[in-house]
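Trainee: I am new to this structure and would like to go through it slowly, with a reason given for each answer. Could we look at it together?

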Amino acid sequence: MTIRRPAILTASLLVIGLLAGCVQFHSETTIDKNGGGTAVITMSMSKAVSDAVKQMQSMDPQGSPGGEMPSFEDIDRAELEKRVKEFGVKVTKFEKGEVDGRETMSIAYEFKDMKGLSAAMGAVMSGGDSDQNGLGIFDAGDGNLVLRSASYDLPDWSADEEADAETESPSANPEDMGKQMELMGTLMGALSELDVTMKITVPGDIVSTSAPQHEGRTSIWTINSSNMMTAGQDMEPEIVFSGKGLNIKPQTE
């Protein structure tokens, strides 16, 4: 089960750098007055891109750009549930299939706290060191709270996968290199498919947000082919919101 980690929710936006615009990625997180909540992740990939990714992975599982791309068929519900259970997270929906010629996957979670949310997102986008970035809720002063990046010592789920996949990379040859260039052309040609949206709804009125758009208590970040060169600069979530009437204990550093 592997999707290389763009570090967690904040990194779900950096997924852009890994997926090269080939995957549509939408996430919606709603935080309740106790600091728990729900999260839904939906991803889709065209059949042509999926086939190109698989071919690149088969040619060089370790070193090719295709090795950094997601393979939906490798994501298993039972393994995912096992990973997140110890963090008080419940998988409420897990669906994979083909819709309008695109491979699609949708996962929904219920989480009890921000560490649980961070673990849930990291369990899908694993890959890298175990000190993973996530989201936390901290004291912002004046009765306000701030949702921003936080670090958690989460399991390095990618370690076992990389050990299992340990194989000797094949030697490069002109024929394979030519084929890889052709496949990369397919991936780059799919750049217009780029569609990344992240929505985070907080339980109190918003005082300020780093999102370029917000509706009520929902902050919205988007990346598409028209703004991909500039949007990444503003994708780090930071939302200051009123803590009035909430039962959320702020985290400490």
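Mentor: Let us begin with strand S2, bearing in mind that this is a predicted model. S2 is mostly covered, for seven of its 10 residues are buried.

Trainee: Which strand is joined to S2 by 10 bridges, and in which direction do the two run?

Mentor: The partner covers residues 102-111, and 10 bridges link this strand to S2. One of the pairs places glycine 37 of S2 with phenylalanine 111 as its bridge partner. The strand asked for is S4, and the two run antiparallel.

Trainee: Is serine 44 buried or exposed?

Mentor: Serine 44 has its place in strand S2, which spans residues 37-46. Its side chain makes a polar contact of 3.0 Å with the side chain of arginine 102. The limit for a buried residue is under 20% relative accessible area, and because serine 44 has a relative accessibility of 7%, the answer is buried.

Trainee: Which residues have the most contacts inside the largest nonpolar core?

Mentor: As background, nonpolar side chains in soluble globular proteins tend to be buried together. Here the largest nonpolar core has 48 residues, and the residues with the most contacts inside this core are Tyr109, Met114 and Leu147.

Trainee: Which helix gives the largest share of this core?

Mentor: The helix in question is mostly covered, with 10 of its 11 residues buried; among the buried ones are Met114, Leu117, Ala120 and Val124. It covers residues 114-124 and supplies seven residues of the core, the largest share, and the helix is H5.

Trainee: Which residue caps the N-terminal end of H5?

Mentor: The cap rests on a side-chain oxygen that lies 3.3 Å from the backbone nitrogen of lysine 115. The residue that provides this oxygen is aspartate 113.

Trainee: Which residues of H5 does tyrosine 109 contact, leaving aside its neighbours within four places in sequence?

Mentor: With those neighbours set aside, tyrosine 109 is in contact with residues that include Gly37, Ile41, Leu80 and Val84. H5 runs over residues 114-124, and the contacts of tyrosine 109 that fall in this range are Ala120 and Val124.

Trainee: Why do the buried residues of H4 line one face of the helix?

Mentor: The buried residues of helix H4, which covers residues 77-85, are Leu80, Arg83 and Val84. Seen down the axis of H4, these buried residues fall within a limited arc, so they line one face, and the arc is 85°.

Trainee: Which residues are exposed on the other side of H4, and which residue caps its N-terminal end?

Mentor: A side-chain oxygen of the capping residue lies 3.1 Å from the backbone nitrogen of alanine 78, and this residue is aspartate 76. The exposed residues on the other side of H4 are Ala78, Lys82 and Lys85.

Trainee: Where is aspartate 142 found, and is this residue buried or exposed?

Mentor: Aspartate 142 is found in the loop between strand S5 (131-141) and strand S6 (144-153). Its phi is near 60°, a positive value in a residue other than glycine. Exposed means over 50% relative accessible area, and because aspartate 142 has a relative accessibility of 80%, the answer is exposed.

Trainee: Which residue of S10 stands opposite lysine 199?

Mentor: Strand S7, residues 195-201, is mostly covered, since five of its seven residues are buried. Seven bridges join S7 to strand S10, residues 218-224, and the two run antiparallel. Opposite lysine 199, the residue in S10 is isoleucine 220.

Trainee: Which residue has its backbone nitrogen 3.2 Å from a polar atom of the side chain of serine 242?

Mentor: Serine 242 is found in strand S11, which spans residues 239-242. Not counting residues up to four places away in sequence, serine 242 touches Gly143, Asn144, Gly204, Asp205 and Val207. The backbone nitrogen asked about belongs to lysine 244.

Trainee: What distance separates the C-alpha atoms of glycine 245 and proline 203?

Mentor: Glycine 245 lies in the segment after S11, and this residue is exposed, with a relative accessible area of 70%. Glycine 245 and proline 203 are 42 residues apart along the chain, and the distance between their C-alpha atoms is 9.4 Å.

Note on methods: Residues numbered from 1 in each chain as written. Heavy atoms only, no water. Helix = DSSP H or I, 4+ residues; strand = E, 2+ residues; numbered from the N terminus. Buried < 20%, exposed > 50% of the residue type's maximum accessible area, 1.4 Å probe, protein only. Core = buried A, V, L, I, M, F, W, Y, C linked by side-chain atoms within 4.5 Å. Contact = heavy atoms within 4.5 Å. Polar contact = N/O pair within 3.5 Å; in protein donor to acceptor, adjacent residues only side chain to side chain. Arc of directions from axis to C-beta. Pairing = 2+ DSSP bridges.
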